[in-house]
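Trainee: Before I rely on the terms used for this protein, I should like to see how each one is justified. May we go through them in turn?

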Amino acid sequence: STAHQESIILSPCNPYNRHLPFNQPHQIIMKSAIGVLVAGAMAASLTETNAFAFQSAQQTLNRAKATSIQMSSGDGDSSSLRIMVNGMPGPMATAAAEACLRKGLSLSPIAMTGPDIEPSTITVSDDVTGNSAEVRLIPASDEGREDIVSSLAGLRESVGAENVLAIDYTHPSAVNANGVFYAENKLPFVMGTTGGDREQLMSDMESRDAFAVIAPNMGKQIVAMQAGLEDLAEKFPSAFAGYKLEVTESHQKTKADTSGTAKAVIGSLKTLSDDDFDLEEDIKMLRDDESSLAFGVPEDAMNGHAFHTYTLTSSDGSVQFQLQHNVSGRT
């Protein structure tokens, strides 16, 4: 491929060595992973690069640093950009929309919601800056998608064909269909939703030359931790050979799928331990209040938390290593 026509499609766990060109950086200071990922999508939409998604946590972290510098010092203007946050009024999508407002970005006046949710117009407000925006939520039914395509065309006429981006915090069952929808409508997107068929998602993005940022977690501290584990696994494979891996994760009962973050971390721990841990069968997933409370989740965090414990135990049980990352709330 040429310097300005690279096809960069990356999965969450394997390293890569290509660099994304940033031809027209925007003046955005990244202070959160959402800021980094949105900025990455914006930069990609303004280059001639065919497709990209973040792959290894280490590369994500390195790119985030570089992107932050370039975008904070660039001459671009983000005033024409419109961010379509899909999945509202769900809490994660709403939090992402508020974060966009907090960073001075403008929300798209339309967004997708669940196919069984009645169409409505909501007001999204950021308590920190006082910024707010009205967003019309359109159900992602067959008829609704036609409405979205029509409305998207009108929005692009108003702000420019390449100035509309999407953030997806919908539902695991919608991941693959939404990914195809974004790709076929040439809508760059950040896939914050976990679950779905991830291999199919990546294949669909490759075959359609889509712009996509795909990552199992948006927290920069978690990304940093994943980067460290990936580095350990690469440098010291089988260092914990013979150790048994056990994983327990707890989330609010409304989270339908297994933690994508846990799956990404387990990939590195399996390389370190040579354990035959099965991602589908061996993760202990807690989704009821009683079990979560017993696991140490505060009572006031039942509606929003992410608690993870990974334990490596030697074959004779005399040595144990444990890694935890626990988040109360949705920040």
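Mentor: We may begin with helix α3, which lies across β4 and β5 and runs at about 50 degrees to β4. This is a predicted model, in which local features need pLDDT of at least 70, side-chain atom pairs count only at pLDDT 80 or more, and totals for chains, interfaces and linings use all residues. Residues are numbered from 1 along each chain as its sequence is written, and side-chain values use heavy atoms, with hydrogens and water left out.

Trainee: What makes a stretch a helix or a strand, and how many of each does the protein have?

Mentor: Both are DSSP runs, numbered from the N terminus: H or I over at least four residues for a helix, E over at least two for a strand. The protein has nine helices and 12 strands.

Trainee: How is the angle of about 140 degrees between α4 and β5 defined?

Mentor: Axes are lines fitted to C-alpha atoms, for helices over the stretch in contact (heavy atoms within 4.5 Å). Angles run from 0 to 180 degrees between N-to-C directions. Helix α4 lies across β3 and β5, and its angle of about 140 degrees is to β5.

Trainee: Why are β3 and β4 called edge strands?

Mentor: Two strands pair if DSSP finds at least two bridges between them. The open sheet has the order β3-β5-β4, with mixed pairing. β3 (110-113) and β4 (120-125) each have a single partner strand, so one side of each is left without a neighbour in the sheet.

Trainee: How do you know that β4 and β5 pair?

Mentor: DSSP finds six bridges between them, in the antiparallel sense, against a requirement of at least two. T121 has R136 in β5 as its bridge partner.

Trainee: What makes R136 and D147 a salt bridge?

Mentor: The term requires a side-chain nitrogen of Lys or Arg within 4 Å of a carboxyl oxygen of Asp or Glu. In this pair the N to O distance is 3.2 Å, so the criterion is met. R136 lies in strand β5 (residues 132-139) and D147 in helix α4 (residues 142-159), so the pair ties together parts that are 11 residues apart in sequence.

Trainee: Is R136 called buried or exposed, or something in between?

Mentor: Buried means under 20% relative accessible area, exposed over 50%, and partly exposed in between (1.4 Å probe, protein chains only). R136 has 33%, so it counts as partly exposed. D147, at 29%, is partly exposed as well.

Trainee: Which class does each residue of the pair K263 and E280 fall into?

Mentor: K263 is partly exposed at 28%, whereas E280 is exposed at 61%. Their closest N and O atoms are 3.8 Å apart, which satisfies the salt-bridge rule. By this rule the count comes to nine salt bridges.

Trainee: What makes a group of residues a nonpolar core?

Mentor: Its members are buried Ala, Val, Leu, Ile, Met, Phe, Trp, Tyr and Cys residues joined through side-chain atoms within 4.5 Å. The largest has 46 residues, of which V85, M88, L107, Y182 and M205 touch the most other members. Helix α3 (residues 91-102) gives the most to this core, with five residues. Apart from it lies another core, of 17 residues, among them Y243, A262, I266 and Y310.

Trainee: Which residues does M88 contact beyond its neighbours within four places in sequence?

Mentor: They include A93, A97, I122, V124 and L137.
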